[in-house]
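The following exercises introduce a protein to a reader who has not met it before. Please consult the sequence and the structure while working through each solution.

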Amino acid sequence: MSLSHKAMRTCSIIWLVCLLLEEAGAWGFKDGILHNSIWLEQAAGVYHRESRKGRYQLTYKEAKAVCEFEGGKLATYDQLEAARKIGFHVCSAGWFDKGRVGYPIVKPGTNCGFGRVGIIDYGYRLNKSERWDVYCYNPNGKQCGGILTEQHRLINSPGYPDEYEDEQICYWHIRLRYGQRVQLRFLEFDVEDDTACLSDYLEIYDSYDDVSGFVGRFCGDDLPEDFISTGNVITLKFLSDSSVTAGGFQLEYFAVDSPTNSPANITASPTMLSNE
Ligand SMILES: [Ca+2]
């Protein structure tokens with residue numbers, strides 16, 4: 001009896017360690033595709049981007065090109081600060097206007113920003129070949145991803161109802177109140193079709209990232225079925241490759257209150273534990 005208890009405890013410790021490792025692994029590559037939940041952070045027209053090759057891979061020239069490719073510009077210090085004042089917090093140094101590097105910190109933490117808040121400013125870099133991420137400014141940027149906390153909302157592919165463009169990567173994190181679940185309902189769906197959905201696809205993860213909780217990958221023009229999450233978070237990821245686009249998609253999500261809290265519902269499942 002006590003032996004099995006011990007075994008169970010060991011198991012849950014191992015599981016917890018795995019969870020932490022998984023979190024650390026969220027930065028980086030899996031199957032050749034960049035996984036990173038942070039780069040969609042945006043506020044007041046300012047957003048953070050990193051290279052598709054990974055974190056800290058952009059020279060100043062490349063950083064500028066990333067913003068311009070999306071119709072934006074490098075953010076200025078003032079734009080970054082204005083965004084920071086409304087909660088823009090990113091723990092990654094990036095280029096901004098005039099060859100300056102830094103990052104916006106709202107909450108002090110020892111792991112990020114040396115316990116300070118404000119723009120952590122590395123100053124004007126003499127060596128423009130240094131590699132960092134980038135902060136762009138584009139107040140008219142297409143909606144492509146974001147952190148959604150409303151109880152109900154429509155989600156469109158970028159540019160919808162026009163066709164989406166090539167080389168898009170969008171992450172939507174839906175985060176509802178603890179105890180709620182997320183119901184997804186597809187209204188329109190048209191994504192470049194191939195048998196294994198290798199070109200363009202929408203993926204659903206029953207999780208706060210795109211590393212665990214894989215639900216499915218969708219392409220073609222069949223409407224995916226409704227989906228209800230097990231916890232209060234869902235991640236959607238849309239990716240398009242370098243050729244052939246399609247009509248795109250529209251879906252909506254609703255908050256669903258979990259059935260009245262019987263002990264069975266309160267018991268923490270792995271997904272619930274991984275929530276904030
Ligand atoms: Ca395509």
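Four exercises follow, each with a worked solution.

The model is a predicted one, in which local features need pLDDT of at least 70 and side-chain atom pairs count only at pLDDT 80 or more, while totals for chains, interfaces and linings use all residues. Residues are numbered from 1 along each chain as its sequence is written.

**Exercise 1.** State how many helices and strands the protein has, and what share of its residues is buried.

Solution. Begin with the elements: helices (H or I, at least four residues) and strands (E, at least two) are DSSP runs, numbered from the N terminus. On this basis the protein has five helices and 18 strands. Next, apply the burial criterion: a residue is buried if 20 or more other C-beta atoms lie within 10 Å of its own, exposed if 12 or fewer, and partly exposed in between, with C-beta atoms placed from the backbone. Of the 276 residues, 31% are buried. Finally, consider contacts, which require that the C-beta atoms of two residues, placed from the backbone, lie within 7 Å. Among contacts between residues at least 6 apart in sequence, 70% join residues at least 24 apart.

**Exercise 2.** Determine which residues of helix α2 are buried and what covers them.

Solution. Helix α2 spans residues 60–69, and its buried residues are Tyr60, Ala63, Val66 and Cys67. These four lie on the same side of α2, because they cover an arc of only 120° around the axis; the arc is that of the directions from the helix axis to the C-beta atoms. In general, an α-helix has 3.6 residues a turn, so residues three or four places apart point the same way. On the other side of α2, Lys61 and Phe69 are exposed. The cover over the buried residues of α2 includes β4 (46–49), β5 (73–74), β6 (94–96) and β9 (133–137). Just after α2 comes Gly71, with a positive phi of about 80°.

**Exercise 3.** Carry out the corresponding analysis for helix α3 (residues 77–85).

Solution. First, list the buried residues of α3: Gln79, Leu80, Ala83 and Arg84. Viewed down the axis of α3, the buried residues fall within an arc of 140°, so they line one face of the helix. Lastly, Gly87 follows α3 and has a positive phi, near 105°.

**Exercise 4.** Describe the open sheet formed by four strands and that formed by five strands.

Solution. Two strands pair if DSSP finds at least two bridges between them. The four-strand sheet has the order β11-β18-β13-β16, with antiparallel pairing. Its edges are β11 (152–156) and β16; each has a single partner strand, so one side of each is left without a neighbour in the sheet. Strand β13 (residues 180–190) is joined to β18 (residues 248–257) by 10 bridges. Across this pair, Arg181 stands opposite Val256 and Gln183 opposite Phe254. On β16 (residues 227–228), which pairs with β13 over two bridges, the partner of Gln183 is Ile228.

The five-strand sheet follows the order β10-β12-β17-β14-β15, and its pairing is mixed. Here β10 (146–148) and β15 (214–218) stand at the edges, each with a single partner strand, so one side of each lacks a neighbour in the sheet. Antiparallel strands β14 (residues 201–205) and β15 are joined by four bridges, and Ile204 stands opposite Gly216 in β15.
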